[in-house]
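Q: Please give a close account of one local part of this structure, beginning with a single side-chain to backbone contact in a loop. Then set that part beside comparable details elsewhere in the chain.

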Amino acid sequence: MPRIITATRDGLRTFDEGGHEGSPVDLRRDVNAVVRDGAELWAIVDRAELWHAAEDEWRHVTTLEGVHATCLAMTDALHVGSAQARLFRLTDRTLEPVASFDAAEGRNTWYTPWGGPPATRSISEWDGDVYVNVHVGGILRTGDGGATWTPTIDIDADVHQVATAEGLVLAAGAYGLSTSTDRGATWSLRAEGLEAPYARAVVVCGDRVLVSASDGPRGGHAGVYRAGLGSGAFERCRAGLPEWFDDNIDTACLDALNDGSYAAFGSGDGRVFGSDDGGETWLEVATRLPPINHLLIVPDPAP
């Protein structure tokens with residue numbers, strides 16, 4: 001039975017797909033992101049500290065100084081994204097800045113609509129390529145371990161999350177879901193069926209893709225949609241869900257197992273919903289939680 005891990009300002013909590021809560025997790029602070037590396041977990045705490053758990057025992061590893069941490073990913077190594085559109089790599093228990101990312105082409109054109117500095121928002125990988133999404137700065141790709149970075153999508157696509165599947169790069173952005181079949185060299189926009197096209201989260205769920213979308217940055221008519229992985233119109237997920245959510249179902253708050261056997265998402269009003277049929281039907285798993293910062297599904301351990 002898969003395990004759902006929710007990261008909130010009050011720490012980590014775990015649930016099974018039936019809504020039964022697991023044992024208390026010994027990390028009861030503001031957890032901003034959590035990722036899996038095999039049976040081990042990593043988390044960002046208080047937007048600065050990196051923590052690690054092996055066999056459910058959490059330990060502080062290091063602290064990011066000078067900038068707030070914004071996202072976390074395990075690729076060829078553990079990477080942490082931050083405010084000011086920085087990228088750090090864990091090396092010998094130290095978060096080292098990736099100098100080549102600081103020097104990436106086009107950095108001087110990155111921006112935010114409200115005038116603040118851009119931030120590294122999400123990270124994904126497939127088959128040796130790592131994709132880093134900057135908000136607002138598009139998606140950069142490296143295929144040489146971070147030695148060089150290539151800009152891909154137009155930065156005005158306003159990407160909020162990047163995800164990958166075999167032969168595909170997927171980008172949830174302000175105008176729908178952008179897809180690339182050539183490692184980000186060219187993109188096509190998919191928005192048919194999205195009743196509100198402002199997409200915030202995207203995840204691969206077997207042979208389908210799930211996205212969250214709303215009216216805009218402040219939410220409104222927010223929901224989860226499903227479609228074929230490579231093509232086809234979206235349909236809004238309805239069975240077992242409210243008609244709409246007021247707030248955005250945000251970046252990293254929607255997750256699924258790669259084989260499509262289970263998906264889940266967390267909402268800004270502290271609810272968690274799960275699906276064991278690729279998003280066709282949903283069950284409320286948890287409620288009355290703090291707003292969800294990040295949601296992670298951990299599969300059944302291997303027998």
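A: In this predicted model, the backbone nitrogen of Asp156 lies 2.9 Å from a polar atom of the side chain of Asp154. Asp154 belongs to the loop that runs between strand S14 (150-151) and strand S15 (159-165). Its relative accessibility is 51%, and because exposed means over 50%, Asp154 counts as exposed. Asp154 can also be placed against a remote point of the chain: Val202 is 48 residues away in sequence, and the C-alpha atoms of Asp154 and Val202 are 18 Å apart in space.

Contacts from a side chain to a backbone atom also occur at buried residues. Thr142 lies in strand S13 (residues 138-142). Thr142 has a relative accessible area of 2% and is therefore buried. Two contacts of its side chain can be described. A polar atom of the Thr142 side chain lies 2.9 Å from the backbone nitrogen of Gly146, and the side chain of Thr142 also makes a polar contact of 2.8 Å with the side chain of Asp144. Ser214 offers a further case, placed in strand S20 (residues 208-214). With a relative accessible area of 0%, Ser214 is buried. Here the backbone atom is an oxygen: that of Gly216 lies 3.1 Å from a polar atom of the Ser214 side chain.

The backbone itself has several features to note. Most residues other than glycine have a negative phi, and most peptide bonds are trans. Against that background, the peptide bond from His135 to Val136 is cis, with omega near 0°. Val136 is placed in the loop between strand S12 (129-135) and S13, and S13 is the strand that holds Thr142. Asp92, a residue other than glycine, has a positive phi near 50°. The loop between strand S9 (86-91) and strand S10 (94-97) contains Asp92, and a relative accessible area of 73% makes Asp92 exposed. Arg288 is likewise not a glycine and has a positive phi of about 60°. Arg288 sits in the loop between strand S26 (283-286) and strand S27 (294-298). Its relative accessible area is 79%, so Arg288 is exposed.

Charged side chains add another set of details. The whole structure contains 17 salt bridges. In one of them, the side chains of Glu21 and Arg13 meet at 2.8 Å, N to O. Glu21 is partly exposed, with a relative accessible area of 43%, and Arg13, at 32% relative accessibility, also counts as partly exposed.

Another salt bridge joins the side chains of Asp250 and Arg121 at 3.3 Å, N to O. This pair links distant parts of the chain, as the two residues are 129 residues apart. Asp250 lies in the loop between strand S22 (235-236) and strand S23 (254-256), whereas Arg121 is in strand S11 (residues 119-126). Asp250 counts as partly exposed, at 26% relative accessibility.

The side chains of Glu195 and Arg238 meet in a salt bridge as well, at 3.6 Å, N to O. Glu195 lies in the loop between strand S18 (188-190) and strand S19 (198-205), and Arg238 in the loop between S22 and S23, so the pair ties together parts that are 43 residues apart in sequence. Glu195 is partly exposed, with a relative accessible area of 46%, and Arg238 counts as partly exposed at 44% relative accessibility. The bridge belongs to one network, in which salt bridges that share partners join Glu195, Arg236, Arg238 and Glu243.

Acidic residues also gather without such partners. Asp37, Glu40, Glu55 and Asp56 form a patch of negative charge on the surface; residues of a patch have no salt bridge. Glu40, one member of this patch, is found in strand S4 (residues 40-45). Its relative accessibility is 31%, so Glu40 counts as partly exposed. A patch requires over 30% relative accessible area, a condition that Glu40 meets at 31%.

To return to the starting point, the contact considered at the outset joins the side chain of Asp154 to the backbone nitrogen of Asp156 at 2.9 Å. Asp154 is exposed in its loop, whereas Thr142 and Ser214 are buried.

How values were computed. Residues are numbered from 1 along each chain as its sequence is written. This is a predicted model: local features need pLDDT of at least 70, side-chain atom pairs count only at pLDDT 80 or more; totals for chains, interfaces and linings use all residues. Side-chain values use heavy atoms; hydrogens and water are left out. Patches are made of residues with over 30% relative accessible area and no salt bridge: like charges are joined within 9 Å, nonpolar side chains (Val, Leu, Ile, Met, Phe, Trp, Tyr) within 5 Å. Accessible areas come from the Shrake-Rupley method with a 1.4 Å probe; for residues, only the protein chains shown count as cover. A salt bridge is a side-chain nitrogen of Lys or Arg within 4 Å of a carboxyl oxygen of Asp or Glu. Lys and Arg count as positive and Asp and Glu as negative; His and the chain ends are not counted. The place of a charge is taken as NZ of Lys, CZ of Arg, CG of Asp or CD of Glu. Helices (H or I, at least four residues) and strands (E, at least two) are DSSP runs, numbered from the N terminus. Buried means under 20% relative accessible area, exposed over 50%, partly exposed in between (1.4 Å probe, protein chains only). A polar contact is a pair of N or O atoms within 3.5 Å; within protein, one must be able to donate a hydrogen and the other to accept it, and residues adjacent in sequence count only if both atoms are side-chain atoms.
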